[in-house]
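Visitor: Please take a close look with me at one part of this structure, the packing in its interior. I would like each term given with its cut-offs, so that I can follow the numbers in detail.

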Amino acid sequence: MENKSGAILCVILAMAIFLQVRPGLAQILPHIPEIFPPGSPIDIVKCSSSLFNVQGCVQEIYNSIFSGQFANIEAACCKIFLAIDTNCWPRMFPLNPFFPPLLKNNCERIATTPSSTHK
């Protein structure tokens, strides 16, 4: 339970940091303009809020980021992730742009697998 609390705290902390970033910061960080496009609000909460509606989903994604394993992600979590606009991915995973497409590919497989064969 303590690991779960720690993971959730890390995600909330990361979101709080992203919410404090001003759109003008894109001019300071020109080498990653897709993360902070000029003139557009960074709305990480809007992008990721649906993940919090599925119990354990944030934890499952958090674990897969660090383990590189996707087998423990439930089909319900994958369905929510697949519904998230791909424009949100750079805001949600700014340090690992390769993770969202990997998660998407695995989630497409998991979401279409009958629930009796997956966890």
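Guide: A good place to start is Ile44, which is placed in helix α2; here helices (H or I, at least four residues) and strands (E, at least two) are DSSP runs, numbered from the N terminus. The model is a predicted one, in which local features need pLDDT of at least 70 and side-chain atom pairs count only at pLDDT 80 or more, whereas totals for chains, interfaces and linings use all residues. Residues are numbered from 1 along each chain as its sequence is written, and side-chain values use heavy atoms, with hydrogens and water left out.

With a relative accessibility of 3%, Ile44 counts as buried, a term that means under 20% relative accessible area, with exposed meaning over 50% and partly exposed the range in between (1.4 Å probe, protein chains only). Its C-alpha atom lies 6.3 Å from that of Met92, although Ile44 and Met92 are 48 residues apart in sequence.

Met92 leads on to the core. The largest nonpolar core has 22 residues, and those with the most contacts inside it are Leu51, Ile61, Ile73, Phe81, Ile84, Met92 and Leu103. Two or more residues of this core come from each of α2 (44–48), α3, α4 (75–83), α5 (89–92) and α6 (99–112), and the largest share, 5 residues, is that of α6. Such a core is a set of buried Ala, Val, Leu, Ile, Met, Phe, Trp, Tyr and Cys residues joined through side-chain atoms within 4.5 Å. Ile84, leaving aside neighbours within four places in sequence, is in contact (heavy atoms within 4.5 Å) with Cys47, Ser50, Leu51, Trp89 and Met92.

As for the chain around this core, it has 6 helices and 0 strands, and 34% of its 119 residues are buried. Of the contacts between residues at least 6 apart in sequence, 65% join residues at least 24 apart.

Turning to helix α4, its buried residues are Cys77, Cys78 and Phe81, and because they cover an arc of only 100° around the axis, they lie on the same side of α4; the arc is that of the directions from the helix axis to the C-beta atoms. An α-helix has 3.6 residues a turn, so residues three or four places apart point the same way. The face of α4 turned away from the buried side carries the exposed residues Lys79 and Ala83, while the buried residues of α4 pack against α3, α5 and α6.

The pairing of α4 with α6 can be described by its geometry. Their axes come within 9 Å and cross at roughly 130°, where axes are lines fitted to C-alpha atoms, for helices over the stretch in contact, and angles run from 0 to 180 degrees between N-to-C directions. The two helices are therefore oblique to each other, since angles under 35 degrees count as roughly parallel, over 145 as roughly antiparallel, 65 to 115 as roughly perpendicular and the rest as oblique. The crossing of α4 past α6 is left-handed, and the contact is made by Ala75, Cys78, Lys79, Phe81 and Leu82 on the α4 side and by Pro100, Leu103, Lys104, Cys107, Glu108, Ile110 and Ala111 on the α6 side. A crossing is left-handed if the near helix is turned anticlockwise from the far one by less than a right angle, and right-handed if clockwise.

Cys77 also has a partner outside the helices: Val54, in the loop between α2 and α3, touches Ala76, Cys77 and Ile80, not counting residues up to four places away in sequence. The C-alpha atoms of Val54 and Cys77 are 6.3 Å apart, with their positions 23 residues apart along the chain, and Val54 is buried at a relative accessible area of 19%.

In α3, the buried residues are Cys57, Val58, Gln59, Glu60, Ile61 and Ser64. Glu60, in helix α3 (residues 57–67), has a relative accessible area of 15% and is thus buried; leaving aside neighbours within four places in sequence, Glu60 is in contact with Asn72, Ile73, Glu74 and Cys77. Ser64 counts as buried at 2% relative accessibility and, with the same kind of neighbours left aside, is in contact with Gln69, Phe70, Ile73 and Phe99.
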